[in-house]
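Subject: Handing over a structure

Hello,

I am passing a structure on to you, with some notes on what turned up in it. Please have it open while you read.

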Amino acid sequence: MALSSFTPSVSGMEAQSHALQTVSTNFANMRTIGYKPNETMFKTLLGTTPNFSNTVDEMSSSRVNINGVSYYDRTLVNKQGTITATGNNYDVAINGENAFFEVKDSAGKIYYTRAGDFTTQTQNGITYLVNNSGYKVQGFPASGNGFGGAPTDIEIKYQEKIPSVPTTSAQVVANVPADGVDSSSYGVTVYGPNNDGRTMNMVFTKVEGKVNTWEINFNIEDGTVTGGPIEAVFNSDGTLLSPKSFDVSVAWDDGSSNNNIAMDISKMTQYAGSSGITKVEQDGAPSGNFVKSFIDANGIVKASYSNGKELNYAKLAIVGFESSDNLIPVNNTLFEASNDSGASHYVNGPDKNVTDLLQPQAVEQSAVNVEEEFSKMIVVQRAYSLNTQSFTANNEMLQTIVNLKS
């Protein structure tokens, strides 16, 4: 039984040594993006042989010998790290608990991570969005004006150039001179399927014998406008009476499809003075060259073009769990689902955006708190030292007993 007196101090030294290793690992990863720290927890070891005795203090006659200490590690999965801006187009940080990026390794196994320092990698001619281990980031693929239902590998396959966007509506704000002229013209840029803009002239001509009345005709280079003439009537105070809006159609000489354009002239006026366009707004756009691809605040992976238009590739799949603290750590930046973590769900979903959850062009730094780890290290060192002293004391006592018997 004398040797059993060493068990508590030996197990204590082993446990504290492991705790120091945990602190050291946390220190080593204090700059690892998305790293979640471990902390060593302790539990009492109970002897397996009950000690039966009748005690005068009337305590239980079935006691269990205390045989030292054991340990286990707990990963602080939901501890938030500091968000740091990087300026990198594919970096994205999660700001909040119970939300993880979904990634897949080459064998098809799914993992979850908070490390959003993504980049691209080309395999067999296809460029994928990947994490820093080369695992493919999962997302809902773009489909029409939305996103598909099932997450898959995110592919980066942008067009070098996108065609022009045909004009379908236009609003003109301008003044028609109340006197001094019989005709005035206003140029509106209109984009067709195969061109980067042509000037459509809207010509106002006074109608003889009618007060404050003008006939509107249209002409355009490289095409023919139908839908006119239109008779416009102004009130005596200079505001437009009718029509507020009307439709015209442009047939292009190159044989491309017609532009049907809804014209809004409700804010045009007839005042004394010169003619002039105050503002023209229309929804068309010229063709555009690729500028960059990036991830936005809604987790949408997209490309932007020189004409201001954007094309979507996919939307990042953000996953939550019933009990995310019970995810199994692989390397403290990658986690696996377990029975204890419960059912998973997509936080954002194909048709749902979550406000303020993601911060683009930024990453979540390691959640290690240096001050806390230094405090733990001091406590662990003290505990280890006390266990060594206990071991030394037991050794001296045992040696004394041996000497007495010899």
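A word on classes to begin with: Ala, Val, Leu, Ile, Met, Phe, Trp, Tyr, Cys and Pro count as nonpolar, Asp, Glu, Lys and Arg as charged, and the others, Gly among them, as polar. By that scheme, the lining of the largest cavity divides into 5 nonpolar, 3 polar and no charged residues. Lining residues have an atom within 4 Å of a cavity point, and a cavity is a set of points on a 1 Å grid over the protein atoms alone where a 1.4 Å probe fits but cannot get out. Among those lining this one are A297, N298, I318 and N348.

The model is predicted, so local features need pLDDT of at least 70 and side-chain atom pairs pLDDT 80 or more, while totals for chains, interfaces and linings use all residues. Numbering starts from 1 along each chain as its sequence is written, and side-chain values use heavy atoms, without hydrogens and water.

Next, have a look at T40. Is T40 buried or exposed? T40 is buried, with a relative accessible area of 14% (buried means under 20%, exposed over 50%, partly exposed in between, with a 1.4 Å probe and protein chains only). The T40 side chain touches two partners by polar contact (N or O atoms within 3.5 Å, one able to donate a hydrogen and the other to accept it; residues adjacent in sequence count only if both atoms are side-chain atoms): the side chain of T22 at 2.8 Å and that of D73 at 3.0 Å.

Best wishes

Terms used. On a 1 Å grid over the protein atoms alone, a cavity is a set of points where a 1.4 Å probe fits but cannot get out, and a pocket is an open set with protein on both sides within 12 Å along at least five of seven lines; lining residues have an atom within 4 Å of a point.
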